[in-house]
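Q: Could you take a close look at one helix pair in this model for me? I'd like to know how the two helices cross and what they touch each other with.

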Amino acid sequence: MTTIDTPALSNTITDATAATNAPIIHSNPAQAALYIVATPIGNMGDITSRAIDILNQVDIIACEDTRTSGKLLSNFGISTQTWAYHEHNSEIQTPKIIEMIQRGHSIALISDAGTPLISDPGYQLVQAAHAAGVKLVPVVGASAAIGALSVAGLPSDKFSFVGFLPAKTHGRVKQLEQYAARTETLIFYEAPHRIVASLKDMAAVFGDNRPATLCRELTKTFETVKKATLGELAQFVEADNNQQKGEIVLVVGGDVNHTSDDDSVHDKLLLRLLEDLSVKKAAALASDITGVKKNALYQRLLELQDK
Ligand code: SAM
């Protein structure tokens, strides 16, 4: 049970200034450190017993959104004091949190769902903790990216987490082009109102036939896990409004048509073409000759040029 002797009457303090000098007494204190605590991505049963212990024992819980986390905390009977910590106040809160820990207090960071820092706030705080020599403790648990990868049915030995793509088509296509020739599995987060547009852009850049898995509302009532090609997924989601709701991870297979032998032949060809042609013309000609997508060759040419 947590006992906090603080002048603040509210359990939620959004301005750290008021609490920085408050004495905090715990019957079962956690060691002074910054605890990065994963919380469920939907199903409350996915919280770990260690996460509950730590959230009960720390002096302060820094939350991305105190109201959202308040529901989770009350669900588990956790009455630890909360502070807001998000991208708009991180500059002010970071030094205060670090100072609290240096004074011997323990602080946990949680986000609205899943693992903090994974497309969520916390990087600045963790960086500052390292710089100040503050102890960091990961309290591991759910993350939508890893949950999706575990059921995607796509190679999981090598993968890249891309996170959210740019919201506008031009920026999105440009970023997708950079990943077109990557051979590892790619993990994307996407907002429901952009899922159709993103799937269409992916099909255009990676090819209609690239395998992919739509992972929607994982661990929740309307969970969907559907593996198909990008072209089929774009049609499936566009035809069913329900698939354009909730939270979505897209796992996309890598460009496995590239063998390393092919790559070295392509590189030789590209280097030769670069001697006489611009990058754009070399990519177009090489694409005609090899059948490999022009965007992928363009990207490779830029890499070769930098070497
Ligand atoms: N930190 C979180 C994590 O560890 O997964 C991610 C936070 S990010 C702001 C939110 C995005 O994660 C959503 O837009 C969606 O892409 C993905 N996501 C979160 N929960 C999900 C779920 N239950 N099912 C599918 N995707 C989810």
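A: Let's go to the end pair, α11 and α12: their crossing is right-handed. Keep in mind that this is a predicted model. Helix α11 covers residues 279-290 and helix α12 covers residues 294-306, and their axes come within 8 Å, crossing at roughly 130°. Angles over 145 degrees would count as roughly antiparallel and 65 to 115 as roughly perpendicular, so α11 and α12 end up oblique to each other.

Now for who touches whom. On the α11 side you'll find V279, K280, A282, A283, A284, A286, S287 and T290, and they meet K294, L297, Y298, L301, L302 and Q305 of α12. Sort that contact by class and you get 9 nonpolar, 3 polar and 2 charged residues.

For a second pair to hold next to this one, try α4 (residues 90-102) and α5 (residues 123-132), whose axes come within 10 Å and cross at roughly 40°. That angle makes α4 oblique to α5, and the crossing is right-handed. Here S90, E91, T94, I97, I98 and Q102 of α4 touch Q124, L125, A128, A129 and A132 of α5. The class split for this contact is 6 nonpolar, 4 polar and 1 charged.

As for the setting, the chain has 12 helices and 11 strands, and 47% of its 307 residues are buried. Among contacts with a separation of 6 or more, 70% link residues 24 or more positions apart.

Terms used:
Residues are numbered from 1 along each chain as its sequence is written. This is a predicted model: local features need pLDDT of at least 70, side-chain atom pairs count only at pLDDT 80 or more; totals for chains, interfaces and linings use all residues. Side-chain values use heavy atoms; hydrogens and water are left out. Axes are lines fitted to C-alpha atoms, for helices over the stretch in contact, and angles run from 0 to 180 degrees between N-to-C directions. Helices (H or I, at least four residues) and strands (E, at least two) are DSSP runs, numbered from the N terminus. Angles under 35 degrees count as roughly parallel, over 145 as roughly antiparallel, 65 to 115 as roughly perpendicular and the rest as oblique. A crossing is left-handed if the near helix is turned anticlockwise from the far one by less than a right angle, and right-handed if clockwise. Contact means heavy atoms within 4.5 Å. Ala, Val, Leu, Ile, Met, Phe, Trp, Tyr, Cys and Pro count as nonpolar, Asp, Glu, Lys and Arg as charged, and the others, Gly among them, as polar. Buried means under 20% relative accessible area, exposed over 50%, partly exposed in between (1.4 Å probe, protein chains only).
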